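Open the model in your viewer and set it to show side chains. This tour goes stop by stop, telling you what to select and what is there.

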Amino acid sequence: MQFSTHIQTSYTPKRLAVKLNAKGEQSVLKKHPWVFSNSIVKVNNDAKTGDLAIVFSKTKNKVVGLGLYDAHSPIRIKMIHFSSEDINESFFLKKIENAYLKRESLLKTNTNSYRLLFGENDGFPGLIADVYASVLVVKLYSEIWLPYLKTILESLQQVSKSKTVVIRLSRGLQQSKNHSLKDGDVVFGVLEDEVVKFVEHHVNFSANVIKGHKTGYFLDHRDNRKRVGELSKHKTVLDVFSYAGGFSVHALYNEAKEVTSLDISKQALEIALQNGKLNDYVGKHKTIAGDAFQELKKLIKNKQTFDVVVIDPPSFAKQQSEIELAKKKYAQLAELGAKLTAKDGLLVLASCSSRVVAQSFLDINLQVLQSQSRSFKTLMTTRHDIDHPISFPEGAYLKCGYYQFID
């Protein structure tokens with residue numbers, strides 16, 4: 001079986017000699033993957049996106065790291081290695097094999113969906129690779145990878161033993177004229193159905209790998225979904241911002257009495273219902289379509305409560321200017337969630353805004369819950385699952401708090 005010729009590019013990357021200022025060099029020595037344009041003191045005039053940037057030490061003529069040059073981004077060099085090395089097929093293959101080894105313990109559970117490459121954290125800035133059963137979905141966020149794509153995809157397919165490879169493109173790449181790829185291209189094998197079934201800790205799910213968000217599904221909360229499921233036996237559960245019903249389906253699988261999935265998207269709720277039906281369950285699965293803040297207020301007005309309430313919103317702070325508003329929204333959700341959590345119930349609050357750091361998010365939750373008249377204890381706080389390793393501060397985005405009410 002051959003890879004599609006679409007993934008080949010005519011551009012042969014050059015090698016660039018790069019010198020950085022003291023701040024930039026310190027950042028590279030600390031193995032931070034981003035080099036901003038204002039840290040670059042010297043680089044070739046004809047540098048193009050995808051060229052290999054060889055970063056030399058300011059004082060000694062020694063290579064301190066290798067990166068890929070991005071002519072159109074303020075993060076001008078995206079680091080892929082922190083010493084001198086030949087960048088060839090075996091370099092990428094070795095990196096992908098190392099990434100796979102980090103996920104091995106997860107794959108010994110009854111799970112066949114996982115993130116094989118997590119961008120910068122695995123040395124592949126601007127590139128994500130997710131596996132759903134025998135389908136590998138690679139999402140590209142940067143043109144820096146175009147000259148290396150064929151080699152990388154071949155290695156990813158080889159390591160994951162995937163039968164099908166799908167390419168998803170960020171909005172910027174969809175509009176780029178520097179390649180002939182289309183979002184959703186099947187570049188290896190055959191995709192029988194764009195809805196791919198997979199297993200997550202014994203629970204059956206599906207992902208639309210062509211039209212779904214990101215690569216089709218959100219794998220990062222897997223461990224939290226399993227835990228919430230286990231805590232939902234014979235309980236009533238409210239899953240807010242449920243998307244494809246991750247928490248809801250785990251709860252139903254674990255014999256929850258009644259589960260309500262709430263999301264603004266009717267289409268997402270349809271998928272949540274379908275995902276539920278991929279498993280045997282006896283509980284009731286209800287849905288509410290609408291704005292979460294308004295719908296939660298309606299439930300409070302109707303004096304409804306649930307034994308388990310999970311609130312996992314999308315990122316509220318996509319840029320620096322949105323941080324304060326995001327914090328206010330998290331506080332609001334914590335307050336609404338507490339009012340909807342039944343006597344002795346469990347409230348699970350999550351955030352995926354990387355700009356709101358974990359400590360800040362968990363502090364907001366505690367402040368809000370302490371201002372309520374109910375006693376509670378923090379059962380645990382969690383971060384990323386094993387297939388989302390963190391290698392630099394900005395790579396950490398997911399945090400989750402479990403709050404058990406004692407009355």
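Buried means under 20% relative accessible area, exposed means over 50%, and partly exposed covers what lies in between. Keep in mind that this is a predicted model.

**Stop 1: an aromatic pair**

Select Y100 and Y114. Their rings form an edge-to-face pair, 6.2 Å centre to centre with 75° between the planes. Y100 belongs to helix 2 and Y114 to strand 7 (residues 113–118), so the pair ties together parts that are 14 residues apart in sequence. Is Y100 buried or partly exposed? Its relative accessible area is 23%, so Y100 is partly exposed. Y114 has 4%, so this residue is buried. The structure holds 21 aromatic pairs.

**Stop 2: strand 9**

Now select residues 135–140, which make up strand 9. Six of the six residues are buried, so the strand is largely enclosed by the rest of the structure. In a regular strand, side chains alternate between the two faces of the sheet. Look at one side here: V135, V137 and K139 are buried. Turn to the other side: L136, V138 and L140 are buried too. Both faces of strand 9 are therefore covered.

**Stop 3: the neighbours of strand 9**

Add residues 127–132, which are strand 8. Strand 8 and strand 9 run antiparallel and are joined by six bridges. Find D130: V137 of strand 9 stands opposite.

Next, add strand 10, residues 164–169. Strand 10 pairs with strand 9 in the parallel sense, over six bridges. Here V138 stands opposite I167.

Which helix goes with strand 9 and strand 10 in a β-α-β unit? Select residues 149–160: this is helix 3, and with the two strands it makes a right-handed β-α-β unit.

**Stop 4: the turn at A133**

Go to the hairpin of strand 8 and strand 9. Two residues lie between the strands. A133 is in this loop. Its phi is near 55°, a positive value in a residue other than glycine. With 29% relative accessibility, A133 counts as partly exposed.

**Stop 5: W145 and the largest core**

Select W145. Which residues does W145 touch, leaving out those up to four places away in sequence? They are L68, I80, F92, G123, F124, P125, G126, L127, L140 and I152. L140 is part of strand 9, on the side shared with L136 and V138.

Now widen the selection. Nonpolar side chains in soluble globular proteins tend to be buried together. The largest nonpolar core in this model has 40 residues, and W145, I152, L153 and L156 have the most contacts inside it. Helix 2 (residues 89–107) gives the most to this core, with six residues. Apart from this core lies another, of 33 residues, including F306, A326, V368 and Y403.

W145 also takes part in a ring cluster. Select F91, F92, F124, W145 and Y148: ring pairs link them.

**Stop 6: further along the chain**

Select R374 and F405. R374 lies over the face of F405, at 4.0 Å from the ring centre.

End at D344, in strand 18 (residues 341–351). Phi of D344 is near 60°, again a positive value in a residue other than glycine. Is D344 buried or partly exposed? At 42% relative accessibility, D344 counts as partly exposed.

Definitions and conventions:
Residues are numbered from 1 along each chain as its sequence is written. This is a predicted model: local features need pLDDT of at least 70, side-chain atom pairs count only at pLDDT 80 or more; totals for chains, interfaces and linings use all residues. Side-chain values use heavy atoms; hydrogens and water are left out. Buried means under 20% relative accessible area, exposed over 50%, partly exposed in between (1.4 Å probe, protein chains only). Helices (H or I, at least four residues) and strands (E, at least two) are DSSP runs, numbered from the N terminus. Two strands pair if DSSP finds at least two bridges between them. A crossover is right-handed if, with the strands pointing away from the viewer, the path from the first strand over the helix to the second runs clockwise. A nonpolar core is a set of buried Ala, Val, Leu, Ile, Met, Phe, Trp, Tyr and Cys residues joined through side-chain atoms within 4.5 Å. Contact means heavy atoms within 4.5 Å. Rings of Phe, Tyr and Trp (its six-membered ring) pair if their centres lie within 6.5 Å; planes under 30 degrees apart count as stacked, over 60 as edge-to-face and the rest as tilted. A charge sits over a ring if NZ of Lys or CZ of Arg is within 6 Å of the ring centre and within 35 degrees of the ring normal.
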